[in-house]
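Please find below some comments on the model, set out as numbered points. They are meant to be read with the sequence and coordinates at hand.

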Amino acid sequence: MTTEHASTPDAVHQSVVEENIKLHELEGPNYLLRHPEQTNYYQMRRLRGLIAETAAALGTSAPKNLDIACGTGYLLLEFLKQGFDCTGVDLSEAMLASLQKILPAQSADRCKLLCQDIFEFMSAHEGAFDVVSIGAALHHFDAYENVVRWACRSVAPGGWLVIAFEPLKQAIDSPVRYRLHRWLAGVDERIYRISRRLRGIEVDLDTSEADYQRKFGGIDPNTVTGLITTEGLEVVRVDKYCTRRYGLMASIANNWIGSQNTFDVIARKARA
Ligand SMILES: C[S@@+](CC[C@H](N)C(=O)[O-])C[C@H]1O[C@@H](n2cnc3c(N)ncnc32)[C@H](O)[C@@H]1O
């Protein structure tokens, strides 16, 4: 597939890209410190489980991972630990610079980082990667559907697609659950803000333009699974869950309230 932004004009794409560069220039140096919802014990357990599951199912030595919009390496570093050769593509120099600083020296030769708009990278590479991963990033793209289609095509026969940590677009199923969800989110956010101030990470950033798909309420997992199925992959699981800044809050949200605001999808391509 060549570069196409079927559902958005080029001017929109350009503006979303510029907003992403601006935002991640500021976030780059402290990205994961600013986002404990991605690194708390509850979320890390979930993430490591997901990656270990795909690695175990592959069973090949030195499998290849492409991490789309790798940022500071949230997924990519875990794939490296599991023995993958990794390629990370991201348009933010600041995010990649932070990742470069923490890349373990012993695995640096198994990791290639490219500073590029994924919409420009998206040609060729058909069937080139054992696992194609996208973490917390689809909602930053305008025509995200094209990225999902292309990602599917880039998975090798017998390989996997992992889409993790996307904001879930959903209807409110229970007003009571929704109120509890909002209340817990408020407590979680207040503690987070105090802790951020104490640690000197104070800047409040406007993410509204860079988080493009949030304007439409997030990403609908049914759209994603529909695209994956049309591309001929089998959807193995869709996990819907609730993220919170702190692991304890995430645990309360998931185990007691049963609320959801995020999803992961894993899919596999049949062996040739
Ligand atoms: C919320 S961060 C997530 C980073 C990382 N995947 C993670 O889970 O921590 C979103 C990332 O998407 C990148 N990004 C946004 N639009 C992009 C594009 N068109 N091409 C490549 N990267 C992009 C940003 O630079 C940023 O690093």
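The points below take up the sheet and its strands, and then turn to a pair of helices and a single residue.

1. The model under discussion is a predicted one, and the description that follows should be read with that in mind. Its sheet is open and built from seven strands, which run in the order β3-β2-β1-β4-β5-β7-β6 with mixed pairing. The edges are taken by β3 (111–115) and β6 (234–241), each of which pairs on one side only. Averaged over the sheet, and with direction ignored, neighbouring strands are turned by 15° against each other.

2. Strand β1, which spans residues 64–68, is mostly covered, with four of its five residues buried. On one side it pairs in the parallel sense with strand β2 (residues 85–90), and five bridges join the two. Within this pairing, K64 has D85 of β2 as its bridge partner, while I68 stands opposite V89. Between β1 and β2 the chain passes through helix α5 (residues 76–81), and the resulting β-α-β crossover is right-handed.

3. The pairing of β1 with strand β4 (residues 129–135) is likewise described as parallel, here over four bridges. In this case L66 is the residue that stands opposite V132 of β4.

4. Strand β2 is also mostly covered, since five of its six residues are buried by the criterion of 20 or more other C-beta atoms within 10 Å. It pairs with β3 in the parallel sense over five bridges, and in that pairing two cysteines face one another, C86 standing opposite C111 of β3. The connection from β2 to β3 leads through helix α6 (residues 93–102), and this β-α-β crossover is right-handed.

5. What is the sense of the pairing between β6 and strand β7 (residues 262–268)? These two strands pair in the antiparallel sense, over seven bridges, whereas the pairing of β1 with β2 is parallel. As a point of reference for anyone tracing the register, V235 has A267 in β7 as its bridge partner.

6. Helix α4 (residues 41–58) packs against helix α11 (residues 247–257) at an angle of about 70°, and the axes of the two helices are 6 Å apart. Angles from 65 to 115 degrees count as roughly perpendicular, and α4 and α11 are therefore roughly perpendicular to each other. The contact brings Y41, Y42 and Q43 of α4 together with G247, A250 and S251 of α11. By character, the residues of this contact divide into three nonpolar, three polar and no charged.

7. A separate comment concerns E37, which lies in helix α3 (residues 36–39). Is this glutamate buried or exposed, given its C-beta neighbours inside 10 Å? It has 22 such neighbours, and E37 therefore counts as buried, the threshold being 20 or more.

8. The surroundings of E37 also link parts of the chain that are far apart in sequence, for E37 and R245 are 208 residues apart along the chain while their C-alpha atoms are separated by 3.9 Å. Leaving aside residues up to four places away in sequence, E37 touches Q43, T243, R244 and R245. One of these, Q43, is also among the α4 residues that meet α11, and a reader examining the helix contact may wish to view E37 alongside it.

Notes:
Residues numbered from 1 in each chain as written. Predicted model: local features only at pLDDT ≥ 70, side-chain atom pairs only at ≥ 80, totals over all residues. Buried ≥ 20, exposed ≤ 12 C-beta atoms within 10 Å, placed from the backbone. Pairing = 2+ DSSP bridges. Right-handed = clockwise from strand over helix to strand, strands pointing away. Axes fitted to C-alpha atoms, helices over the stretch in contact; angles between N-to-C directions. Parallel < 35°, antiparallel > 145°, perpendicular 65-115°, else oblique. Contact = placed C-beta atoms within 7 Å. Nonpolar A, V, L, I, M, F, W, Y, C, P; charged D, E, K, R; others polar.
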